[in-house]
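Visitor: I would like to learn how to read the space inside a protein model. Where should I start?

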Amino acid sequence: MTDAVQTPSLDNFTKRVFSGIQPSGGLTLGNYLGAVKRFVEMQNDDFETIYCVVDQHAITVWQNPEDLRFRTREIAAFFMASGLDPSKSILFNQSAVPEHAQLGWIFNCVARMGWMQRMTQFKDKAGKNAQNASLGLFGYPALMAADILVYHATHVPVGDDQKQHLELTRDIAIKFNHDYGVDFFPVTEPVIGGPAARVMSLRDGSKKMSKSDPSDLSRINMSDDADTIAKKLRKAKTDPDALPSEEVGLEGRPEARNLVAIYAALGEETVETVLRDVGGKQFSEFKPMLVERAVEKLSPISGEMNRLMQDGAEIDRVLKEGSLKARAIAEPILRKTYDIVGMLQP
Ligand code: TYM
């Protein structure tokens, strides 16, 4: 895609945020610091905000239906317990808005096999047995592009691991606009950053903190109680040196960097300001500070999640209302897309 590529300026679009989380397993501190905490920060007057539990993505690998229902509600509870307010943000689950899958089909026809084959997350998830992976897992990034573009979203806050998928979303928007000679889809801006764009495993600072790691000690789950959080942080891998007072001193010390970054993100500080305070301290002094901050910030969220989960009907009501608001935006954009593509709508 070189000449005649149309890239409409984002100024022509309503400033709108979209992001999502899969209900495919437990929630970790990575999901909170890399994503939901930042969703809450963007929930202000500058942006319209739309946040989704992406249940259709989850079934790209088999899910027990009862667990899927439970986890869909759990993520909705996590959103609200973290500070997302259904009167300010649209909260819903993906399958309740069929326009995502409908636009997803069109994007399956825009995206190229070669683009999909480059997706590192597919390679990681499919592993050695790619022939046995579902077609949905392979095509997943085209549906993700549809999630975003069916709202003409301009900004997408995510953790660093989603960067490649957002580049693909931009490529799909550009190719669609080019192939049909329109400037209809915005070329979305990824919002990735802050100290916790990539929260790492507590057992190995070179690996991402992930719900699928076999070791529960590698992660903080959003459902962990105060004692468990304290135990995991006390056991977190470190090195024998004292903390540096400047960021360059963290080079080659991934575990130290990760713990400082978590501490910074939880307290809305930068790594630099944290190091100014804690430089020179041993981990035996720093870890209790980290435990205190983590418990203080995370316990109220898990407490509120548990409270909200007591009333599944109320969660369903919020999601239903959100899906109606979401459809009101998505439906005309899908209709216009069909028009552009030449789908007769008698
Ligand atoms: P998912 O469900 O794997 O993760 C949800 C969000 O949490 C972030 N995240 C992390 N951030 C920092 N450090 C970590 N260790 C960490 N682990 C997870 C992810 O980057 C993500 O922002 N494909 C997406 C879901 C999705 C989506 C979308 C996102 C579907 N459609 C449209 C944005 C827009 C996913 O699997 O995220």
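Guide: Start with the term: a pocket is an open set of grid points with protein on both sides within 12 Å along at least five of seven lines. In this predicted model, the ligand sits in the largest pocket.

Visitor: Which residues come nearest to the ligand?

Guide: The shell has 27 residues, and Gln 22, Tyr 140, Asp 147, Asp 161 and Val 199 come nearest. Strand 1 (16–21), helix 1 (29–41) and helix 7 (135–149) each supply at least two residues of this shell. By class, 13 residues of the shell are nonpolar, 9 polar and 5 charged.

Visitor: What polar atoms of Tyr 140, Asn 31 and Gly 30 lie by the ligand?

Guide: A polar contact is a pair of N or O atoms within 3.5 Å. For Tyr 140, a polar side-chain atom lies 2.3 Å from a ligand nitrogen. An N or O atom in the side chain of Asn 31 is 3.1 Å from a ligand oxygen. Gly 30 has a polar backbone atom 3.2 Å from a nitrogen of the ligand. The ligand taken alone exposes 710 Å², and the protein buries 97% of that.

Visitor: How is empty space found, and how many cavities of 30 Å³ or more does the structure hold?

Guide: Rolling a probe the size of a water molecule over the atoms shows where empty space is left. Here there are 2 such cavities. The largest has a volume of about 60 Å³, and its lining includes Tyr 140 and His 165. Helix 7 contributes the largest share of that lining, 4 residues. The second largest cavity, of about 30 Å³, takes most from helix 13, with 4 residues.

How values were computed
Residues are numbered from 1 along each chain as its sequence is written. This is a predicted model: local features need pLDDT of at least 70, side-chain atom pairs count only at pLDDT 80 or more; totals for chains, interfaces and linings use all residues. Side-chain values use heavy atoms; hydrogens and water are left out. A residue is near a molecule or strand if one of its heavy atoms lies within 4 Å of it. A polar contact is a pair of N or O atoms within 3.5 Å; within protein, one must be able to donate a hydrogen and the other to accept it, and residues adjacent in sequence count only if both atoms are side-chain atoms. Accessible areas come from the Shrake-Rupley method with a 1.4 Å probe; for residues, only the protein chains shown count as cover. On a 1 Å grid over the protein atoms alone, a cavity is a set of points where a 1.4 Å probe fits but cannot get out, and a pocket is an open set with protein on both sides within 12 Å along at least five of seven lines; lining residues have an atom within 4 Å of a point. A molecule sits in a cavity or pocket if more than half of its atoms lie within 2 Å of its grid points. Ala, Val, Leu, Ile, Met, Phe, Trp, Tyr, Cys and Pro count as nonpolar, Asp, Glu, Lys and Arg as charged, and the others, Gly among them, as polar. Grid points are joined across faces, edges and corners, and a volume is the space filled by probe spheres set on the points.
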